[in-house]
Every structure is written in C-alpha cells, then in structure tokens.
Amino acid sequence: MSKKLLEKFVKKDYELGFETRVEAETAPQGLSEETIKFIWQKKQEPPFMLDWRLKAYRYWLTMKEPTWANLAYDPIDYQKIIYYSSPKKRPGSLQDIDPEIRKTYEKLGIPLKEQEVLSGVVAVDAIFDSVSVLTTYRKKLQELGIIFCSISEATKEYPDLVKKYLGSVVPYTDNFFATLNSAVFSDGSFVYVPKGVKCPIELSSYFRMNTPQAGQFERTLIVAEEGSYVSYIEGCSAPQRFEHQLHAAVVELIAKEDAQIRYATVQNWYPGDKKGKGGVFNFVTKRGMCAGDNSKISWTQLETGSAITWKYPSCILKGENSVGEFYSLAITSNYQQADTGTKMIHLGRNTKSRIVSKSVSAMNGNNSFRGLVKVVRNADNSQSFSRCDALLIGPKCGAHTFPHFEVYNNTSRVGHEASTSRIGKDIIFYLRQRGLSEEQAVALIVSGFTREVLEKLPFEFAAEAKKLLSVTLEGSVG
Amino acid sequence: MLTIKNLQVSTEGKEILKGVDLEIKAGQTHAIMGQNGSGKTTLAKIIAGQQEGFLVQGRISFLGKNLLQMEPEERAKAGIFMAFQSPIEIPGLALASFLTSSLNEISKSRGERPLDPMDFSDLAKEEAAFLGLKQEFLARGVNEGFSGGERKKNEIFQMRVLRPLLSILDEIDSGLDVDSLKKVAQAINESRTRENSFLIITHYQRILNYIKPDFVHVMVGGRIARSGGAELALEIEEKGYGHLS
Amino acid sequence: MDIFLKENEHRDCFMPDGGGGCNVYLGRNSSLRFFTFNLGGKSLKNELNVVFKGKGARAELYGLYLPQDGQVIENETLLRHQAPSCESFQRYYGILPMGGKAVFNGKILIERKAQKTKAYLESKNILLSPDAQMLGRPFLEIFADDVQCTHGFSSSQIEEDEIFYLRSRGHNLESAKRILLLSFAQRNIDKVADEETKNILCERISRFLSEKLEAKN
C-alpha cells in the first residue's frame, strides 16, 4: 500500500524534471515507469524491450516481497535505490583501491597489472600491449559464429534471438526478485553458440568490452544450439566490493539437443568486516533448461559466505537422457554464513542428476545446504544421486543440510547421503608428529576433502580457488 | 642422543611422572616395561610433544637441543618418530599424499632432496609388501577401515619410509597376531643401525623375544624402579611387576 | 504422550495405531527402542520427538509404513541431542505397493554441548506402483564438531539383481518380489523383542502384500 503512495509521490516529482534527466549519469532515486523508460533510453534498446520491461514492472507492483525467517538483514526500501548508474568512474590508481582488497589480491598472488585491470584502473584492452590479443580472441569467436556480447548490445544486434529466448527459462513472473530484475536489468552477458560448435575458450564477462564490474541487476542469457559446447565463468575470481544494498541477478541457460553448458562461479567476494556481513543482499535466480535430448548443464561454484547470498542454481531436465550437475564448495570462517543449494527437476525419461555439495566450516562459520530433487510421474528411469559432506573445524562452527525429495515415479532411483567429519586436535597432532606444521596439516586435509569439487572448476580457477581456500581458513584452527 | 633429567609431569593435580631420568645413546634400543598407569605412555607423549593439559617440569635434550621448547613438527623434523598406541583414522586424506608431504618436509630440514614420485612409489610398494599391507591402502584415507593390527603395521610402514633417528614404539605389539608380530619385529630389526635408536614401550615381554633390547627399564608409579639388561624382561615375565615396588 | 526415561532405564515403545504424537526425554545412560509400524488404513501422521537430556543415552527408532491406495502415512521425527556421548539410530522403511503416499521428515539437531554424539539415519523406500508418491526431508542441523553423523535417503524399485537371484533359484516373479519385500520389512520387525508380536506383524505384512500385489495384477 505505502509502496503505491510513495510511487505516486515520486512520480509527480520527476514528471517535471524528466526530459532533462536523460542526459544524467544516474537515474533519480526510486522506481517508477519513468525509471524504466530512463534505463531503456540510456541503453538505447529497441521498442520491444520497453514493452517487456514495463510488463515486468507492472507485474512486480502486484507482488509481495518474500521474507525468510533465517535471514538477518535490514529491510529494503525499494524507493531509496538508484536503479541505474552509468559505468563507474575508474579509480585513478592502484592506491585508490580499498586496502583490504589490495591485501587480498596480494594474498591471492594476483600480479600488479592484473590487479589494475580487475579493479578497473586500467581498461581491459590496455594490459594487452596491443589491440591484438583481445582482437584475436574476438576474431576467433566470430569465425566460429559464436556471439558473445553484453545483453544490451544483443537486444540491438540480435533482437530475434533475444525475443525468442529471454525469459524462456526464468519468466518475468517467476519470483519477486527475478521480476524486478526483468524490469530494471542493465548489464550482463549474452552468449549464443551455433549448431555443432564447440567454443574453444572459457568465456568470461571479464573479457566483455564493457566494464567488468558486476552491475546491480545483471542479466545473463546463454543459448547452446544442437551439439554445441560452451564453458562460462561468471565474474572475476578477484574480490569485489558490493556497492549497493541489493543485487538481484538472473541467469538463464538453454541447452538444446546434444549440447553442453558449463557455468562456473567463484564468488565475487569482499572480505567484509570480521563480523562477516557487508550489509549486502545478493539474490540470484539461476536456472538451466536442458531442453533437448541428451543435453547437459553443469553448475560449479565456490562460495565463501562473506555476503548474504541467496543462490540456488537449478536444472530443468526436460529432454530425454539429459543430465544436470551441481558441484559446490562452500567455505566459511569467522562469522560468515553461506546458504546454498540446488534444484533438479526431472521431467523427461532417463534423466540424470548429480549433486555434490562440500562445505568447510571453521571458527564461527555456518554452512547450509538446501536442495530439491523432484521426479515427476512421467520421468521414467531417471536417476538422482546427491551427497553433502561437511568438514567441521573447531567446536563453534555449524553445518546444516535441508534436502527435499519428491518422487512421483516408481521406476526412478533417487539416492542421497550426508556425512560430517572434523579436523580434531588428535588428527592435527598426528600429522604434526609426522613433520607437518598445523597450517600444512589443515591444508592437506582440506585439500583432500575439496578435491572432488575443485576438479570440476575450469583450470583457470583452480589455482585461485585453492588460494582463496587458504586465505579464508587462515588461523582457523586452535 | 636423548637425555631425560628429572622429568615430572602432572595433570589436573595428579602426579603421573615423578622424576624420570633416562639416557639413550645413538645405536641403542631401550625397552620400558610397566603396568597400566605406570606412566609409560605419558612419557612417550611428552617426548613426542603431546603436552596439552600436562604440567611439565624437568629437562629433555635431544641431540643437544632443548626438546621441551620445540613444537611437535620440529621434533619430527629433528628425527623423532612416534608409533602411536591407538593410531587414529583420517578418512579423506590419502596416505600417499600425506606421507609424501611428511617425507618432503623432513627431507628438506635434513638438507636432502625430496624423493621424486616414482622413487617414493617404489619405496612405498616395497615396504608395504614386506609388511603384508595391500597396495590399495596408499590411495585410501589414513587407517580408513583398518583393524587395530593393520594400523600398527601402518605405523611401522611410515617409520620405514621416514627413517627417523629416534623411534618411540608405544605398545606396538598390541593387536598383532604372531605372524604380523614377526614381520613387524623384522622390519624394526632391519632398521636398526649404529646411528638410530629405539624406545620400545610395552606391557608384555613377548615382543622383546623378537627385538633384543640393549637396556630394559621398569616403570612403577611414575618412576623408573629398575634398569638392567635384556634379562630383566625375563625376570618380570617370571616374577611379575609386584616384586619390584 | 510424554515419556520420561530415568537414569539407566530401558524401554521399548510402540506408536499407537492410527497415528499420534510422542515426546520422549532420555535420562543419563537410558536407552529407548521405539517402533512405528503402519499397515494400510486411514491417512495418519506420526510425530516423534526424542530429546537426549542425559549423557550416554541411546535411542533406536524403527519405522515401517505400507500405505494403501489413497492413504497418506506421514512420519515426522525430531531428535534433539542436548547431551554429550549419546547415540541415535533411525531406520525408517517404506513399501508403497499401490497409489499410496508416504512422507518422511526426519530431523536431527545436534546442539553445541552434544559433543561425541553418534547419529545415524536411514530412510529407504520401495515404490511399486506408478501411482505411488514419496516425499522425504532428512534434515541435519549440527553445531558441534566432534560428532559422527551420517544419514541416507533412497527411493527405488525392488533391486533387479535380487529378483533375478531368486528367480534363478526357482521362484516365480511374484513370489520373488514378495519374499524380497518381506525380508526388507523383516529387518525392522526383527528388532521387536516379543516373538509373538513379531510373528503377528510378519503375518499381517505378508497378507497385506499378497492382497495388494494381487490387486495390482
């Protein structure tokens, strides 16, 4: 109710100044149809996108914000948020970057030049001595017919593709935050891989010509045609600061017959304070549709829980024999909380899903896994296996598992196991008596424990991930 | 090599070691016999560095260094090895992985080059085969699913690979059948050189039939009540512990 | 129904027919065996809460449910480990021969002071009909690290190779299925101390399975 009143008030205020505002760098505070128009104009999108966005916005107004009992966050004032700001001014030099972030870059062993790029100090094209490297990259993709650009560019250059696929996996009515995202999204990737093409490189938003920084409302759409393959890495592996209180992103993947998509995320994280929260609420709707027979979608992620994140990548296994996979490693220390999980919906026959969730909780860290495996009546002979393993370090941490199973088909096979283990003092002493320091002992055990998931990360990530692990677990034993 | 002077150890107000003196020279094999509660396992723990919860007074020097000031891994790198009485299980940590890391750490501190994976593999296979341990155990978690006897063999296997200067074997015979005991004893005997030493802690005399000690000490009530040669063990076997206190 | 087990006390309990709720509080070193068996009948819900209040307490929970067509059998267990060195063992088995529905919500909560807890939960379900429905939610909340906790959930048909084994020994398909299902149920029934009760249960299940399996054909 108050939302509507506020909206009216705000609208009145803007009606006057709207025309001149178009040139401005940021939209006026608050959300209204004017804001949507502002974004649409700034992005120079074709008319069909305005209709799409407005439809979503009007639907959003009828929705109620969901509340979760477990979540501790300040209530979001939707009218206080600025829904669009043009690419951030880059910091002048490396010295301008937050010292915490710099420290972490150092710990992660990221060389200076790369640090500059990742912080936006230097544009992507400048670290490569010439235009050549980046151009070769794009050229290669172009030769293969692979489209990789920003979502806004796609609405202009490839409107038919966007019209066909945007919202096909996560419709604008899906949930409160996805609907909001549909109305105000301003950044994100569009990937299209044509029939039979296997993309030879890991795609990453890092290499988009636009600013590499995560937008507030990112929208990513990846389409893999018959027989194609693509591996995508979300964001950068380096820490980033969340500027805004609310981030609501949507990721849609579509795999057609015999196609495969791999989507990896190493959490963009900002160390936050020792108490863990950075006051950020990160809500991401990620869904993969295995539309064609024999298609496969894999989600791989590494979470460190330094922001409140609500992410449940899911797979809809529609095509016969399609496969959905979820490999997750969540590591929390200090007062961090990670809440992660997945949904596997078996619609087609002979579909398979595999879920491996590993969590490491140290000090006062807490890890939760939420999962849903649903097998509908017609999903004959489908199989689902999941395992959740928790490694607990120290007597004050916590690990929780909340899997849900709904089986409506009797020829299917569903199996799940969960177990806990610890790195107790006696184990540490045993390893120390064999010449290893405490740090080495913890690292060795954690390495063995996390191997199965880390192996699934793209090679480029693996080394960073290992470092991330050790940085997070520093000083966590004893 | 190892000199213990007036070692007193207590925990929660209770005295466990009431002044222990012991000297072990290079090349020697000592046995400590005693009943449960005599303090022999505590003695082993203190030497290895498991001092938490204990109040320790006295002096232990190892190769001239003040052992009580050293961290457990430093003691290991200096050349001390303990075969635990009840070795724990570490599922999820492959034995090969852990042992390779250990060996590399210890080699590094000795100024030796670490073994390359092929050599390690050959060495490991040889030692494992001799002790009657199946090859697969190298890939499994440490002591995962192992019986008590198998865990003891695993301790000796590790000792053979790490080649320590002073090996403390805490009740290595418990849980072993006669055949396994013979194999383990043989492995230990073949490891004895003029440079290294052994401290065998045992309740029963049996193992000392297979591993001839140079010295035998009997612990009673937190002290070494008597010391002697190998014959002392036979005396205990015949007359029991009672007649000493 | 509230049940209090004093120090060192042992008790065998049965959930009343037709569903119900039961809270059991376990004192030091006490031990509990609780049976929840449901065969056909009207839709029902069983709620069982076990609180481990004293050190060294032990609980074994055995559940068996065979819903008939149109029936919903719901089992909800909540085990709260509040004391150290306790052990809990849960085995809930379901056989769904027709269009029945089973729900199993098994939650294990291990509090910070419950170090050295051993907790084990197994929920195994055999679905024989395309109309059968199974919903499972095995939850774990762990706040202590020196614990051994495992749980498993599965839903499947009768194992093909087990059927084949019996057939290769001369049994026909129906007989093989019945034998396997009965021996599956037997694992939990065998835990009942009283011989007569055991026999009655076995007989009832055997009859139930024969009827329902026949009805299917």
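In the predicted model, 11 residue pairs are in polar contact between chain A and chain B, with both partners at pLDDT 80 or more. On the chain A side of this interface, two elements each give two or more residues, namely α11 (425-433) and α12 (438-454). The greatest contribution comes from α11(A), with eight residues. Classified by residue type, the side of chain A that touches chain B comprises eight nonpolar, five polar and five charged residues.

Four salt bridges are counted between chain A and chain B. A salt bridge joins the side chains of A:Lys425 and B:Glu52, with an N to O distance of 3.7 Å. The residue range of α11 in chain A, 425-433, begins at the position of this lysine.

The extent of the interface was assessed from both contacts and area. In terms of contacts, 18 residues of chain A meet 30 residues of chain B. The size of an interface is often expressed as the accessible area lost when the parts come together. By this criterion, chains A and B bury about 2000 Å² between them, and carbon and sulfur atoms account for 63% of that area. On the chain A side, 37% of the area buried against chain B is supplied by A:Phe429, A:Tyr430 and A:Arg434, more than by any other three residues.

The nonpolar cores of the model were examined next. The largest nonpolar core contains 105 residues, and its members include residues of both chain A and chain B: A:Leu431, B:Ile47 and B:Phe157 touch the most other members. Among the elements, α12(A) gives the most to this core, with eight residues. Thus α12 of chain A is represented in the largest core and also on the side of chain A that touches chain B.

The surroundings of B:Phe157 were considered in further detail. When residues up to four places away in sequence are not counted, B:Phe157 touches B:Leu95, B:Leu99, B:Ala124, B:Glu127, B:Ala128, B:Leu131, B:Leu133, B:Phe137 and B:Leu138. A second core, separate from the largest, has 78 residues and includes A:Cys199 and A:Val373 together with C:Val24 and C:Leu127.

Chain B itself has seven helices and 12 strands. Of its 245 residues, 52% count as buried. Among the contacts in chain B with a separation of 6 or more, 68% are between residues 24 or more positions apart.

Methods:
Residues are numbered from 1 along each chain as its sequence is written. Chains are lettered from A and ligands numbered from 1 in the order in which they are written. This is a predicted model: local features need pLDDT of at least 70, side-chain atom pairs count only at pLDDT 80 or more; totals for chains, interfaces and linings use all residues. Side-chain values use heavy atoms; hydrogens and water are left out. Contact means heavy atoms within 4.5 Å. Buried area is the accessible area (1.4 Å probe) that two parts lose on being put together, summed over both. A polar contact is a pair of N or O atoms within 3.5 Å; within protein, one must be able to donate a hydrogen and the other to accept it, and residues adjacent in sequence count only if both atoms are side-chain atoms. Helices (H or I, at least four residues) and strands (E, at least two) are DSSP runs, numbered from the N terminus. Ala, Val, Leu, Ile, Met, Phe, Trp, Tyr, Cys and Pro count as nonpolar, Asp, Glu, Lys and Arg as charged, and the others, Gly among them, as polar. A nonpolar core is a set of buried Ala, Val, Leu, Ile, Met, Phe, Trp, Tyr and Cys residues joined through side-chain atoms within 4.5 Å. Buried means under 20% relative accessible area, exposed over 50%, partly exposed in between (1.4 Å probe, protein chains only).
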